[in-house]
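Hello,

Here is the structure I promised to pass on to you. Please have a look at it first, and then read on for what turned up.

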Amino acid sequence: MAQAAAVAKPPAPPPRRRASTTPRGLPYLLIAPAALLMLGFIAYPVISVFYYSLQNYNPTKPWRNGYAGLGNFTHAFTEDPQFWDTLTFSAKWVVVEVGLQLLFGLALALIVNQTFVGRAAARALVFSPWAVSGVLTSAIWVLLYNSQTGITRYLADAGIGAYGTSWLSDTSTVFPAAVVADLWRGVPFFAILILADLQSVSKDLYEAAEVDGAGRVRQFLHITLPHLKDAIVLSTLLRAVWEFNNVDLLYTLTGGGPAGETTTLPLYIANTSVDAHNFGYASALTTVAFVILLFCSIVYLRLSKFGGGDK
């Protein structure tokens with residue numbers, strides 16, 4: 001045994017790692033085609049919009065085309081009252097829609113977060129409108145608001161209102177009607193995000209609060225809301241940008257009418273470019289909208305202290 005131990009060989013050293021033969025630039029080379037495609041589909045349109053915002057460009061009137069400088073912007077701010085009307089309505093639309101969607105989405109998220117029979121079916125029912133495309137949502141509500149076959153006819157049968165009433169053609173009812181239609185699709189977005197964040201709240205916090213005598217209201221204000229802060233800030237910011245750029249629903253429901261009552265700035269831009277073929281002025285309006293959204297987003301994130309971690 002002693003001789004065997006004496007002649008035992010020392011353990012072999014671990015094998016050396018082979019130096020990698022893969023060129024350092026190969027990963028970048030592999031992602032280059034996708035990066036170039038993204039650059040082409042994102043950067044080029046943005047740059048072209050900035051370029052045409054400084055031009056008079058109308059294919060139907062080529063003799064007027066040429067460099068305009070800041071003329072398009074000057075016209076928008078000083079000579080175009082419709083620009084200010086559409087910008088004011090866009091702000092009103094965003095504030096009302098995002099505020100109501102957050103309120104109802106938070107309420108629904110708190111409800112479906114509870115334990116009850118049929119909770120899975122309730123969640124599926126709450127989230128299902130978000131899976132419907134914007135065009136299909138518009139088509140559904142156009143049928144619901146139809147004066148011959150929609151809601152108003154059944155209300156008239158019940159003695160409420162008159163036959164042939166169209167909420168979308170009346171200036172006093174078109175805004176609430178459009179708001180309700182967009183709420184149906186926007187509320188589930190908030191409900192999904194808030195419910196996902198609610199799942200991460202520790203139940204020990206609520207149990208400790210109950211031991212200390214805190215009721216449901218105090219638990220909501222001091223535990224739930226602080227925990228949901230980042231989710232609420234992010235969801236409201238995303239939804240505000242989407243609602244500001246909302247074109248499909250309002251275009252399908254009202255076309256911006258009646259009498260321009262529901263024309264948002266993006267819808268005005270679409271009409272200016274597609275219908276009037278004034279692409280230079282439409283590009284200038286798009287640039288203004290971009291700057292407004294960028295500025296408001298930065299200010300909102302600064303004021304809300306998003307990502308500060310103070311839950």
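A word on classes before the pockets: Ala, Val, Leu, Ile, Met, Phe, Trp, Tyr, Cys and Pro count as nonpolar, Asp, Glu, Lys and Arg as charged, and the others, Gly among them, as polar. Please also keep in mind that this is a predicted model.

With those classes, the lining of the largest pocket splits into 5 nonpolar, 6 polar and 6 charged residues. This pocket has a volume of about 650 Å³. Its lining is made up of 17 residues, and those nearest the centre are Asn113, Gln114, Tyr206, Arg216 and Gln219. If you want to find it by elements, go to helix 5 (119-127), helix 9 (203-211) and helix 10 (216-244), which each give two or more residues to the lining.

The second largest pocket holds about 380 Å³ of space. What is its lining like by class? It has 13 nonpolar residues, 3 polar and no charged. In total 16 residues line this second pocket, with Val94, Ala240, Val241, Leu293 and Cys296 nearest its centre. Helix 4 (81-112), helix 10 and helix 13 (279-304) each provide at least two of the lining residues. Helix 4 has the largest share, with 6 residues.

Helix 10 turns up again in a helix pair that you may like to view. Two packed helices are described by the angle between their axes and the distance between the axes. For helix 8 (residues 174-198) and helix 10, the axes come within 9 Å and cross at roughly 150°. The crossing is right-handed. On the helix 8 side, the residues in contact are Asp182, Gly186, Phe189, Phe190, Leu193, Ile194, Asp197 and Leu198. Facing them from helix 10 are Thr224, His227, Leu228, Ala231, Ser235, Thr236, Leu238, Arg239, Trp242 and Glu243. By class, this contact has 9 nonpolar, 5 polar and 4 charged residues.

One single residue to finish with: valine 135, which lies in helix 6 (residues 134-144). Is valine 135 buried or exposed? Its relative accessibility is 59%, so valine 135 counts as exposed, the cut-off for that class being over 50%. You can also check where valine 135 sits relative to lysine 203: the two are 68 residues apart along the chain, and their C-alpha atoms are separated by 41 Å.

Enjoy looking around, and do write back with any questions.

Best wishes

Technical notes. Residues are numbered from 1 along each chain as its sequence is written. This is a predicted model: local features need pLDDT of at least 70, side-chain atom pairs count only at pLDDT 80 or more; totals for chains, interfaces and linings use all residues. Side-chain values use heavy atoms; hydrogens and water are left out. On a 1 Å grid over the protein atoms alone, a cavity is a set of points where a 1.4 Å probe fits but cannot get out, and a pocket is an open set with protein on both sides within 12 Å along at least five of seven lines; lining residues have an atom within 4 Å of a point. Grid points are joined across faces, edges and corners, and a volume is the space filled by probe spheres set on the points. Helices (H or I, at least four residues) and strands (E, at least two) are DSSP runs, numbered from the N terminus. Buried means under 20% relative accessible area, exposed over 50%, partly exposed in between (1.4 Å probe, protein chains only). Axes are lines fitted to C-alpha atoms, for helices over the stretch in contact, and angles run from 0 to 180 degrees between N-to-C directions. A crossing is left-handed if the near helix is turned anticlockwise from the far one by less than a right angle, and right-handed if clockwise. Contact means heavy atoms within 4.5 Å.
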